[in-house]
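This report describes selected features of one protein structure. Please consult the sequence and the model alongside the text.

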Amino acid sequence: VAIGQAIIHQPKLLLLDEPASGLDPEARASLASLFRQLQKEGMTLLVSSHILAELDEYSTAMLALRAGQVLEQRNLHQEASEDALVQLHIQLLQPDTRAVPLLIAAGAQFSPTGSTGTDPCQIVCRFSAERGRQAALLAQLVREGIALCGFSTSKENLQQSYLRSLANANNSAPNNEGAQA
């Protein structure tokens, strides 16, 4: 009812705080559909939420805040460009110590901790969204004799994006001062 009251006058900007709080899954899906429709009609929605998965369906930009400070502000739907990155998932047939150094040399980015996860056959990194560069990397891995079972990309979800912003902020803080949990 409150959202209906807020949009009845067709404002240009709508501020919402935890709008899906207390809604069942069906109502959340309907709310996301409503928000996408309002966006198509030209309304700007500013939504604050701690449940980032709810925002994935309709968010177009992210403003990450921590302790009142802006960590990052960016468009979530980057146009295909040289610097656009996607998550790259590589499944090895068997552990191969040559894979990660080769990926780094090709421009792959790994988490700040340098960890690729607990499965030595599963590598997840960030790499160019450009399909031509991905194809060249795949060909290089195969030429080097690295046995692959899988090579795929996925879009980073909003929670992953936010956590990466936090990690980048923590790693760039001088002596990690000012970085709080």
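Which exposed residues are carried by the face of α2 turned away from its buried side? In this predicted model, that face bears E26 and K40.

**Helix α2**

Helix α2 comprises 16 residues, 25-40. At 1.5 Å a residue it should span 22 Å, and the 23 Å between its end C-alpha atoms agrees with this expectation. The buried residues of the helix are L31, A32, F35 and L38. Viewed down the axis of α2, these buried residues fall within an arc of 125 degrees, so they line one face of the helix. Their cover includes α1 (2-7), β1 (13-17) and β2 (44-48).

Both ends of the helix can be described further. At the start of α2, a side-chain oxygen of D24 comes to within 3.1 Å of the backbone nitrogen of E26, a residue that also belongs to the exposed face. After the helix comes G42, which has a positive phi, near 100 degrees.

**Helices α3 and α4**

Two packed helices are described by the angle between their axes and the distance between the axes. For α3 (residues 99-106) and α4 (residues 131-143), the angle is about 150 degrees and the axes are 11 Å apart. The crossing of α3 past α4 is right-handed. On the α3 side, the contact is made by L102, L103 and A106; on the α4 side, the residues met are R133, L137, Q140 and L141.

**The loop between β2 and β3**

S49 is placed in the loop between β2 and β3 (61-66), and T60 lies in that loop as well. S49 has a relative accessible area of 13% and is therefore buried, being under the 20% cut-off. T60, at 45% relative accessibility, counts as partly exposed.

The side chain of S49 takes part in two short approaches. One is a polar contact of 3.3 Å with the side chain of E18; in the other, a polar atom of the S49 side chain lies 3.1 Å from the backbone nitrogen of I51. Not counting residues up to four places away in sequence, S49 touches E18, E54 and L55.

T60 and L76 are 16 residues apart in sequence, yet their C-alpha atoms are 5.3 Å apart in space.

The distances between polar atoms are collected below.

| Side-chain partner | Other partner | Distance |
|---|---|---|
| D24, side-chain oxygen | E26, backbone nitrogen | within 3.1 Å |
| S49, side chain | E18, side chain | 3.3 Å |
| S49, side-chain polar atom | I51, backbone nitrogen | 3.1 Å |

Conventions: Residues are numbered from 1 along each chain as its sequence is written. This is a predicted model: local features need pLDDT of at least 70, side-chain atom pairs count only at pLDDT 80 or more; totals for chains, interfaces and linings use all residues. Side-chain values use heavy atoms; hydrogens and water are left out. Helices (H or I, at least four residues) and strands (E, at least two) are DSSP runs, numbered from the N terminus. The expected span of a helix is 1.5 Å times one less than its number of residues. Buried means under 20% relative accessible area, exposed over 50%, partly exposed in between (1.4 Å probe, protein chains only). The arc is that of the directions from the helix axis to the C-beta atoms. Contact means heavy atoms within 4.5 Å. A polar contact is a pair of N or O atoms within 3.5 Å; within protein, one must be able to donate a hydrogen and the other to accept it, and residues adjacent in sequence count only if both atoms are side-chain atoms. Axes are lines fitted to C-alpha atoms, for helices over the stretch in contact, and angles run from 0 to 180 degrees between N-to-C directions. A crossing is left-handed if the near helix is turned anticlockwise from the far one by less than a right angle, and right-handed if clockwise.
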